[in-house]
Amino acid sequence: VDAEGGDDAPAVVVAGALEAASPNLRVILVGRPEVVEPLLRDADRSNVELVSSATVIGCEMEPASAVKNMQDSSIVVGCRTVADGRSQGFVSAGSTGAMLAGALLVIKRAGEIRRPAIVTTLPGLAAPLVFLDAGANADCRPEHLLEFGVLGTAFSRTVIGVTKPRVGLLNIGEESSKGSELARAAHDLLCNSGLDFVGNVEGRDLLRSVADVVVTDGFTGNVALKLLEGCASSLLVRIKEAAGRSLRAKTGGFLLRPALRGVRAALDPEEYGGTYLLGVRGLVVICHGNSSSRAIANALRFGADALRKGVLASVDEEFARLSAAAGTAAR
């Protein structure tokens, strides 16, 4: 984990790492020793290791250039632990752009994957929804959205436990003729992919569990994700305000409090800790810059759980299945 990534690093990150660390989850903290060591002085370090870095990539820096020129930065050193086999995954609340660049330039793409994608889990009405791309690829071609369907299927089957994930395409209408040129072409590819493609999914149906996996380009996906997060936050604020307006409202709010805690947890992005970059030779978890220690701990726990369940191997298997299906169709 990047000890110096995030608005409140390193204190919050170190606290989250110490909370998550256990005999079943060894955590490597990457950061400048003079900054991180004082935070570990009185802690149980039996399941925590410190790997030295010398610099920090700021969010104002150009990501690819920074990754190439700052080889001693915490993000590059952290990515290198994955590339060298010293760790299986890397978590950071630092620069998202630098994390993407580090994953591509240091860890490298897996297999023949052209566009790794950011995968996030949304609170569907019946079950968690796997949604991608949430921001890695602003400009996409139809074949990239097909790849996202494969990545999402692997994640849904392995991590969420859906036996046969249904894949949908985010669009402005249900009909196959609707949408942009990209959406129409991607629809055709997905129809003939061998995935369990259920067609277009409109924005209003995104959380209604009409699909287990929904794919879109990174620009649309990032806008949709932040819109959902903003709506959820505003809704919770409005509920809290409404519950305090009168004695009757306060009584009702008190009675509803246990149920509302569950709703809040389902809508809280810190519940999973971060989003996953799939399609590289290791698991990369990207956290919000303002992540709390709880979010960092959850990112480490859920990332480790995904690795134990074999998400990386599942990605390879799904792409092998897709290639085999394409070869059969060609014959």
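Q: Before we get to β6 and β7, what does it take for two strands to pair here?
A: Two strands pair if DSSP finds at least two bridges between them. Keep in mind that this is a predicted model.

Q: OK, so how many bridges join β6 and β7, and in which sense do they pair?
A: There are six bridges, and strand β6, residues 166-171, runs parallel to β7. As one spot to look at, V167 sits opposite F197 in β7.

Q: What's the strand order in the sheet?
A: β3-β10-β9-β4-β5-β8-β6-β7, an open sheet of eight strands with mixed pairing.

Q: Which strands stand at the edges?
A: β3 (89-92) and β7 (196-202) do; each has a single partner strand, so one side of each has no neighbour in the sheet. From one strand to the next, the twist averages 25°.

Q: Switching to helices: what does α5 lie across?
A: Helix α5, residues 96-107, lies across β3, β4, β9 and β10, at about 170° to β10. Helix α8, residues 218-242, lies across β4, β5 and β6, and its angle to β4 is about 30°.

Q: And the largest nonpolar core, how many residues is that?
A: It has 55 residues, with V1, L29, L132, L151 and L300 making the most contacts inside it. Helix α6 (residues 142-160) gives the largest share, eight residues.

Q: Why does that core lie between the domains?
A: Because domain 1 (10-113 + 279-309) and domain 2 (117-270) both give residues to it.

Q: What is L300 in contact with, leaving aside neighbours within four places in sequence?
A: V1, G16, A17, A20, L25, V27 and V91.

Q: How many residues are in the other core?
A: That one has 32 residues and lies apart from the largest core; F131, A134, V214 and A224 are among them.

Terms used
Residues numbered from 1 in each chain as written. Predicted model: local features only at pLDDT ≥ 70, side-chain atom pairs only at ≥ 80, totals over all residues. Heavy atoms only, no water. Helix = DSSP H or I, 4+ residues; strand = E, 2+ residues; numbered from the N terminus. Axes fitted to C-alpha atoms, helices over the stretch in contact; angles between N-to-C directions. Contact = heavy atoms within 4.5 Å. Core = buried A, V, L, I, M, F, W, Y, C linked by side-chain atoms within 4.5 Å. Buried < 20%, exposed > 50% of the residue type's maximum accessible area, 1.4 Å probe, protein only. Domains from an automatic or database assignment.
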